[in-house]
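Biologist: Can you walk me through this one? I have the sequence and the model open.

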Amino acid sequence: MSHLVLIDGNSIANRAFYALPLLSTSAGLHTNAVLGFTTMLLKVLEEMNPTHVLVAFDAGKVVFRHSEFAEYKGGRSKTPSELSEQFPLIRDLLDAFSIRRFELEGYEADDIIGTLTLHADQNNWKTTVITGDKDMLQLVSDHVSVALTRKGVSEIELYTPKEIEEKYGLKPLQIIDLKGLMGDTSDNIPGVPGVGEKTALKLLHEYGSVESVLENIDKVSGKKLQENLRENVDKAKLSKALATIMRDAPVEVTVEETAYEGYTPEPVTDFFKKMEFKSLLSKVKGAGTDDEKKGKGAPFDFAVVESEHTARFADKLTSPMAVSVEMDGENYHHAPILGFGLAADGVSLYVPWDVAKEWTAFQQWLADDQQEKWVFDGKRDTVSLAWHELTMAGIRFDSYLATYLLNAAESSPQVADIASHYADVQVLPDEEVYGKGAKRLVPEMGVLSEHVARKATALWQSVPRIRDAMAESKLEELLSDLEEPLSLVLATMEKQGVKVNEHRLQQMGEELDTQLEKLTETIYELAGTSFNINSPKQLGEILFDKLDLPVLKKTKTGPSTSADVLEKLAPYHPIIEAILHFRQLGKLRSTYIEGLTKEIHPGTGKVHTIFNQATTATGRLSSTDPNLQNIPIRLEEGRKIREAFIPSEEGWYILAADYSQIELRVLAHISGDANLIDAFQKGMDIHTRTAMDVFDVAETEVTSLMRRQAKAVNFGIVYGISDYGLSQNLNITRKEAGEFIERYFAVFSGVKQYMEDIVKQAKQDGFVTTLLNRRRYLPDIKSSNFNLRSFAERTAMNTPIQGTAADIIKLAMIRMQGSLREQGLESRMLLQVHDELIFEVPEKELEIMQQLVPDVMENALKLNVPLKVDVNYGRSWYEAK
DNA sequence: AGCGTCACG
DNA sequence: ACGTACGTGACGCTC
């Protein structure tokens, strides 16, 4: 079947330009829009498999609409030269791909696309329009879908008539009426003053079209609205005309002539080289002779070590060497080890697990710290081997952690990913070798051994290139002095595990069962029927249809039943309270009783979490299987879960040490705000101090409400404040929230200055950094989309704070582990929960640990405000409070 | 697999 | 007028 893809060239180029930082080639040629365009194009070609493709561009200065409305597009700022110089390059790109492009003097890309979709529609062709312009939604029909780019150009959102109905409650053609009423500043379509999307949608749902609205002005509710409509009848009609995309432009290209039969690799490769798109080169299908040699089809030389012949390979074990430990499964606390890949210059080996188990020379080499090893996720290897009483030492470069530091946004990279970036040898993603989901299967020996050997070889080839990239961004120290040592500390903690009192959990579970049964009965009675309380859909029907409670907030799929909404509904009906309680207890049962019990290791009676060191965008850790960073504490009923976390040795204690207000202290340091620094130097309660300053009262006059509000403002500041967010949190109006913020910034002017500067900095560099130079890229910081841009701006404010706090506790963990060893202490570090460390401690070390832990944590990094740590201990995690 | 919800910092 | 608080992971339901 034919599938025509029509691309709005100008729109995509624009969005790509503003979404990506201003990249340039070594010759100074700007390429960010070209890169964004290319990424989008590759994605479309791969995912949509089009048979026909055409890219339309605007052409000529005088568009036909000018005569109708002189100001049309008048408000549009001139295209910056950095962008306009990229259009010829985009044309080259399309030529390299043998993709048809088209422009028509005096017409816009919209009109060309509008006309061609009509042609295609008449031929019953499946057609997809790629654009960033919502106006184009008017072209949607049974055969025509519109894909809107999101997050710059990296993601797309497909609209068929169904999605438009769901999102706007409109038919595609009514999009024109929508624009006619609300206007569009970017296109300088005036619309009706005072009418935004909300009002426009309301009017259209009622009257259907601009014309019909204008005929019924008298019936429209709202005096001011009526007046605006009456005074702007012409403007509304003109706006609608302006928003209408032409379907009969004199386009001489026929849809048949846009046939696309794939591209030849050479011109594409040449173009990418010219643009210096190194990472894209590997994505060129069937590319050049180089890759063919290295690629799948090419022979790959490696040897499998057999048990009778290990002696032959002894001299192959060199330093440095790349090591890859292959295991069957994600969770390395349980996954069987399949074998090892080893690689160095001219060496590529696979050592099956059975052979490795018997090969003592190999095991000694593995445990020798003097034998330098390059790895991908050394923690995984270390822990997995530890479960088999094997040691790996001498890890000097961890490419998993390195690529995380280079770009934290790339989610869970595999060796295959770094191979495509940095190596010559080709590596298949694990999923392609093993299959996924239920179809997962360890492949036959021949396939497995080659895959693992390739991985090791890819690592070997990548390391020098990754090192160069690290040096370029000045990230070597962060890797070698922080993340790599930390990974070994984490490995010890994970392997150590935390003892769980399974019996206690079971008891709690039984109590919960009883309570939940009672609550279920109560809820059914109050509802007058039984239903699945855990189904937001069914619950919504009961609350909002049957009981007729007001809908305060909606989600994509229906009315929201989230806790904040239910709390507001509580006065209306007694069922609400029961539901909230049911939810709370249900969560405890499913996640913390049942979920946690499943994770108890049968051999140790402990839970062994996995700390992911390369997941978060800010530099924090995360914890999975089980997640031990979200064990309940805020509500007493949930907090009891912590009673089940106990020391693993008779007579020991659990000791918890947490940083007090670390993020606000970090903010004081990096903003240099004199007032905030003063507050911390005087050791004041920071929320009380904020309340004093913001409300201008003495310490004794601060009420609990004032303190609570000040606390919320402080949280907001750390998150990158907005009046809306604060108003939601405090349940106050936006105006009031805005006033709080204004008063805050008046007193803490250094904080205000920091917020402004960091956003400016982010716009200039395209990234922000923490105190230890951890980096986060913010591709949306220059986006023309208000939402994306605002989000990126808040991220720019928050990440240096959250990320620096993460840096500090990571430093503290490394020092802590060192101190425990140096001082010959038996105490063990077990967990990290973002701003706190949990230990198990023998009684005889309680005293020293209460000194040592805060000392190490408070002095992990010198700031211009003191860091403060509180310590508590008890017979369980619950009692360490 | 995606969504809504909710647990934590 | 725009529409949000920052960062995570696990669960049950729905398709």
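Modeller: The sheet comes up, then the DNA contacts.

Modeller: This is a predicted model, in which local features need pLDDT of at least 70, side-chain atom pairs count only at pLDDT 80 or more, and totals for chains, interfaces and linings use all residues. Residues are numbered from 1 along each chain as its sequence is written, chains are lettered from A and ligands numbered from 1 in the order in which they are written, and side-chain values use heavy atoms, with hydrogens and water left out.

Biologist: What is the strand order in the open sheet of 6 strands?

Modeller: The order is β7-β10-β9-β8-β11-β12, with mixed pairing. Strands are DSSP E runs of at least two residues, helices are H or I runs of at least four, and both are numbered from the N terminus. Two strands pair if DSSP finds at least two bridges between them.

Biologist: Which strands stand at the edges?

Modeller: β7 (303–304) and β12 (395–398); each has a single partner strand, so one side of each is left without a neighbour in the sheet. β7 runs parallel to β10 (residues 347–352), joined by 2 bridges.

Biologist: New topic. Which residues come nearest to DNA strand B?

Modeller: T561, A563, R583, I633 and D835, out of 22 residues around the strand. A residue is near if one of its heavy atoms lies within 4 Å of the strand.

Biologist: What does the side chain of R583 reach?

Modeller: An N or O atom there is 2.7 Å from a phosphate oxygen of DNA strand B. For K587, a polar side-chain atom lies 2.8 Å from a base oxygen of DNA strand B.

Technical notes:
Polar contact = N/O pair within 3.5 Å; in protein donor to acceptor, adjacent residues only side chain to side chain.
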